[in-house]
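User: I would like to go through this model feature by feature. Please keep the answers short.

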Amino acid sequence: MRAVIKGLAVAVLATPLLSACVIYDSDAGEKVAVNLGRNDAPVGEAIRQARFIDGALVARVDSNGCTQASDFEVLVSDGSPVEITLRRTKPDLCKALAPDGVELRWSYADLGLEPGTPARIMNPLK
């Protein structure tokens with residue numbers, strides 16, 4: 001019984017130490033961030049490329065064949081420049097081969113911005 005209580009005590013005390021740690025998956029080589037300390041921080045999709053062209057944000061993201069712009073939540077914060085974060089809300093469970101990913105497009109109007117508004121993308125790049 002003491003061993004169980006001791007194990008629970010260690011688990012409870014170790015939990016705060018694990019907040020905001022980064023774990024690397026050695027098999028896939030992908031970085032996974034664990035953020036236990038802040039619930040307000042949006043998780044941004046790692047994207048391949050982003051640019052503003054012809055009055056729109058165009059981002060290249062990974063895809064298994066079914067990724068659409070509607071699969072993402074676009075968070076726009078006030079400021080100068082405004083900060084834009086793309087967060088995937090629907091996983092792409094298709095099994096198509098899309099090695100170059102797909103390009104998704106959001107107009108300035110879609111983003112609730114005036115054309116030419118200075119902006120920066122907050123997502124990490126792959």
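User: What share of the 126 residues of the protein counts as buried?
Analyst: This is a predicted model, in which local features need pLDDT of at least 70 and side-chain atom pairs count only at pLDDT 80 or more, while totals for chains, interfaces and linings use all residues. Residues are numbered from 1 along each chain as its sequence is written, and side-chain values use heavy atoms, with hydrogens and water left out. Buried means under 20% relative accessible area, exposed over 50%, and partly exposed in between (1.4 Å probe, protein chains only). Of the 126 residues, the buried share is 21%.

User: What is the mean pLDDT of the protein, and over which residues is the pLDDT below 50?
Analyst: pLDDT is the predictor's confidence in each residue, from 0 to 100. Its mean is 77, and 67% of the residues reach 70 or more. One stretch has 20 contacts in the model beyond near neighbours in sequence (a contact means heavy atoms within 4.5 Å), and its pLDDT is below 50: residues 4-39.

User: In what order do the elements run from the N terminus on?
Analyst: Helices (H or I, at least four residues) and strands (E, at least two) are DSSP runs, numbered from the N terminus. There are two helices and eight strands. Their order is α-β-β-β-β-β-β-β-α-β.

User: Which strands are the edge strands of the sheet with the order S3-S4-S7?
Analyst: The sheet is open, and its three strands pair in the antiparallel sense; two strands count as paired if DSSP finds at least two bridges between them. Five bridges join S3 to S4, residues 56-61, and within this pair Phe52 has Leu57 of S4 as its bridge partner. The strands that pair on one side only are S3 (49-53) and S7 (102-107).

User: By what angle are neighbouring strands of the sheet S3-S4-S7 turned against each other on average?
Analyst: Axes are lines fitted to C-alpha atoms, for helices over the stretch in contact, and angles run from 0 to 180 degrees between N-to-C directions. With direction ignored, the average for this sheet is 20°.

User: Which residue in the loop between S3 and S4 has a positive phi although it is not glycine?
Analyst: Most residues other than glycine have a negative phi. The residue in question lies in the loop between S3 and S4 and is exposed, at 68% relative accessibility. Its phi is near 50°, and it is Asp54.

User: Which residues does Gly55 touch beyond four places away in sequence?
Analyst: Gly55 lies in the loop between S3 and S4 and is partly exposed, with a relative accessible area of 41%. Its C-alpha is 8.8 Å from that of Ala109, 54 residues apart in sequence. The residues touched are Ser107 and Tyr108.

User: Which strands stand at the edges of the sheet S5-S6-S8?
Analyst: This is an open sheet of three strands with mixed pairing. S5 (residues 72-77) and S6 (residues 82-88) run antiparallel over six bridges, whereas S6 and S8 are parallel over three bridges. In S6, Glu83 is the bridge partner of Ser77, and Glu83 also stands opposite Arg120 in S8. Each edge strand has a single partner strand, so one side of each is left without a neighbour in the sheet; the edges are S5 and S8 (119-121).

User: Which peptide bond is cis, with omega near 5°?
Analyst: Most peptide bonds are trans. The hairpin of S5 and S6 has four residues between the strands, and Gly79 there takes a positive phi near 140°. Pro81 also lies in the loop between S5 and S6, and the cis bond runs from Ser80 to Pro81.

User: Which handedness has the disulfide of Cys66 and Cys94?
Analyst: A disulfide is a pair of cysteine sulfur atoms within 2.5 Å, and the S to S distance of Cys66 and Cys94 is 1.6 Å. Cys66 lies in the loop between S4 and S5 and Cys94 in the loop between S6 and S7, so the pair ties together parts that are 28 residues apart in sequence. Cys66 is partly exposed at 34%, as is Cys94 at 27%. The torsion about the S-S bond is about -85°, so the disulfide is left-handed.
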